[in-house]
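Please open the model in your viewer and keep the sequence panel beside it, so that each selection can be followed in both. The stops below go from one selection to the next.

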Amino acid sequence: MQPAAVYTRDRCVTGIHGLDEILRGGIPYGSTVLASGTCGSGKTTVAMEFLVRGALAGEACAHFTATEPSVKLLENIRQFAFFDMNMVDTGLINVFDMDVLYSWLGLEKSSFDLDDVHALIKAIVDIVNTIGVTRLVIDSVTTLCYKIKSEQLIRDFLFTLGKKLSTLGCTTILVSEITSATENAHWSSFGVEEAIADGILVMGDVERMGHLLRFLQVVKMRGTSHSRAKHAIELTPIGVMLTPMLKWGAQSDKQGRWGA
Amino acid sequence: MNKQYTFKKEDEEFFGAVGSFGVPKFDGEMHGGVPRGFTMVSFTDTGSGSELFGKQFTSPAEESENTLYVSTNEGQQEIARVFKKYGWPLDINVRTIGEEYNSEVLEKELLASRYRLEGFRLEDIQRLAQTRFVDETHQDYLTEVTNEIMSLGPYFRVVIDNLDFFLQREDNSKVVAMVRMLQAHAQLMRGLLLINISNDGLNPSIKQELASIADMVLSFKVRTIGTDFETSMIVSKFRNAPENLKILVFRVTPAEGITPETVERIS
């Protein structure tokens, strides 16, 4: 008997050392992935490298920043050898300040209603569609969702945005800020992001002999099998490096930064 | 302790105890003019000539750099055209809040509506990607105008035409507080301040409060008589000179602008 043909989805190769191996080739195209992590865990760097690797492959990328001004973000990213300012100048990497986008859309308000949310989705989708963006980062979705007061509206926003971006073949990383990355913690601030996202990457710190080690764990990734093990990550000038943590001992992994 | 300002003797002689309304016949009716330091509030009907009276009030402009006309409805060109027509000085300071509001706020809102409805074009996206900072043009026109008037020196002459713009956009108690501050400043600096306010839609308690702050209260009225319009001004408050309370019918002449009909008509 012939074995059934195994269907595999096309992958968006992140280019991040070790991550594509964990994901058996990369993130399935058009997925919306939540990159959740505590502060300083490397979320922005991982997300930025994801874009830069795409730009190096000639893909159009967009980054919406709500947590730090784009000027600062670009300054910080310049220290990485894989980044070249030409990518921004030539329009391969497009960095948008969310406060500028809000201002242009007349959204300089403390809370968004349904119309505002739709206007924001339309603007992001317009940008993706017009310049043919295939890799998108929103950093952070938490900051954005703070302006959406209803849980249902947050759900609608993320679901509609994810669906439209997926249709356009855009792979998206939504950076999410969490206060704890232990196994009992939520992977998102509002609880709804993790249910809607196709994938979840959790980042945090574990203490090892007086040092804080950054880790990354793929908790969920629809459309592919993947390792669920914690991996140590190191932010080096040549990019983010992932190495398995298991061989260092499972017991102390439970000692998260904020306690088990 | 109250603030005090020492005036130069030669200035006191030059400016005198009263200033002209810019309408000689009205000056005569008010026994010489308006006492220095007065704040006048005029409650106006649409089409009653109060805008013209406001402009005419700036025409004596003893010191052009110390004379300010604040308009919330007209543009610079429109105002200049009227001043030219009547031969009033063109070197006074004119602030056109309505024009500023249109270009700074309404145009931005219109553009935001366009983006929301029609979406971004490629050139919009390229510009957005290159824009790193929000254009902080949020204007607090009330504070700005207050500060501008408060910075004027002795014997200033100011017209605000009209206060409706602020009453419609700001907390009314804040607007009343602004008028109170300006009245105190006018008194201290012996300035002359005229504020026009439309009667339409004006909250009676705000009207009452503004009338009590003012040293002089005018009302501009218009009514029809047969096929004609009759415009009149009513002086219903004149601090410390109740003999000045009057009802004056006026007309607008090409040579003099607003001109009270001082000869009693035979009905």
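The pLDDT is the predictor's confidence in each residue, on a scale from 0 to 100, and it is a useful first colouring here, since this is a predicted model. Chain A has a mean pLDDT of 89, with 89% of its residues reaching 70 or more. Select residues 249-260 of chain A, however, and you are looking at a stretch where pLDDT stays under 50 and for which the model has 22 contacts beyond four places in sequence.

**The sheet of chain A**

Next, show the strands of chain A, where an open sheet of 9 strands with mixed pairing runs in the order β5-β4-β6-β7-β3-β8-β9-β10-β11. Which strands stand at the edges? They are β5 (93-97) and β11 (239-244) of chain A, and because each has a single partner strand, one side of each is left without a neighbour in the sheet. Looking across the sheet, you can follow how neighbouring strands are turned against each other by 25 degrees on average, direction ignored.

Within this sheet, select residues 211-221 and 230-236 of chain A, which are β9 and β10, an antiparallel pair joined by 4 bridges. One position to pick out is Arg214(A), whose bridge partner in β10(A) is Ile233(A). Then add residues 70-77 of chain A, which form helix α3; this helix packs on the sheet, where it touches β4 (60-65) and β5 of chain A, and its direction makes about 140 degrees with that of β5(A).

**A helix pair in chain A**

Now select residues 114-131 and 151-167 of chain A, helices α6 and α8, whose axes come within 10 Å and cross at roughly 20 degrees. Angles under 35 degrees count as roughly parallel, and α6(A) is therefore roughly parallel to α8(A). The crossing of these two helices, α6(A) and α8(A), is right-handed. To see the contact itself, show side chains on α6(A), including Val117(A), Ile121(A) and Val128(A), and on α8(A), including Phe157(A), Leu161(A) and Lys164(A). The residues of this contact between α6(A) and α8(A) divide into 10 nonpolar, 1 polar and 2 charged.

**Where the chains meet**

Bring chain B into view and turn to its contact with chain A, in which 14 residues of chain B are in contact with 21 residues of chain A. On the side of chain B that touches chain A, α5 (97-118) and α6 (122-130) of chain B each supply at least two residues. That side of chain B divides into 8 nonpolar, 2 polar and 4 charged residues.

**A helix pair in chain B**

Staying with chain B, select residues 172-189 and 204-213, helices α9 and α10, whose axes come within 10 Å and cross at roughly 10 degrees. This angle makes α9(B) roughly parallel to α10(B). Among the residues that make the contact are Val176(B) and Arg180(B) of α9(B), together with Glu209(B) and Leu210(B) of α10(B).

**Backbone details**

Most residues other than glycine have a negative phi, and most peptide bonds are trans. With that in mind, centre on Asp139(A) and Ser140(A), which are joined by a cis peptide bond with omega about 5 degrees; Ser140(A) is found in the loop between β6 (133-139) and α7 (141-145) of chain A. In chain B, a cis peptide bond with omega about 0 degrees joins Asp161(B) and Asn162(B), and Asn162(B) lies in the loop between β6 (157-161) and α8 (164-169) of chain B. Finish at Arg24(A), which has a positive phi of about 55 degrees although it is not a glycine, and which lies in the loop between α1 (19-22) and β2 (27-28) of chain A.

Notes:
Residues numbered from 1 in each chain as written. Chains lettered and ligands numbered in written order. Predicted model: local features only at pLDDT ≥ 70, side-chain atom pairs only at ≥ 80, totals over all residues. Pairing = 2+ DSSP bridges. Axes fitted to C-alpha atoms, helices over the stretch in contact; angles between N-to-C directions. Contact = placed C-beta atoms within 7 Å. Parallel < 35°, antiparallel > 145°, perpendicular 65-115°, else oblique. Left-handed = near helix turned anticlockwise from the far one by under 90°. Nonpolar A, V, L, I, M, F, W, Y, C, P; charged D, E, K, R; others polar.
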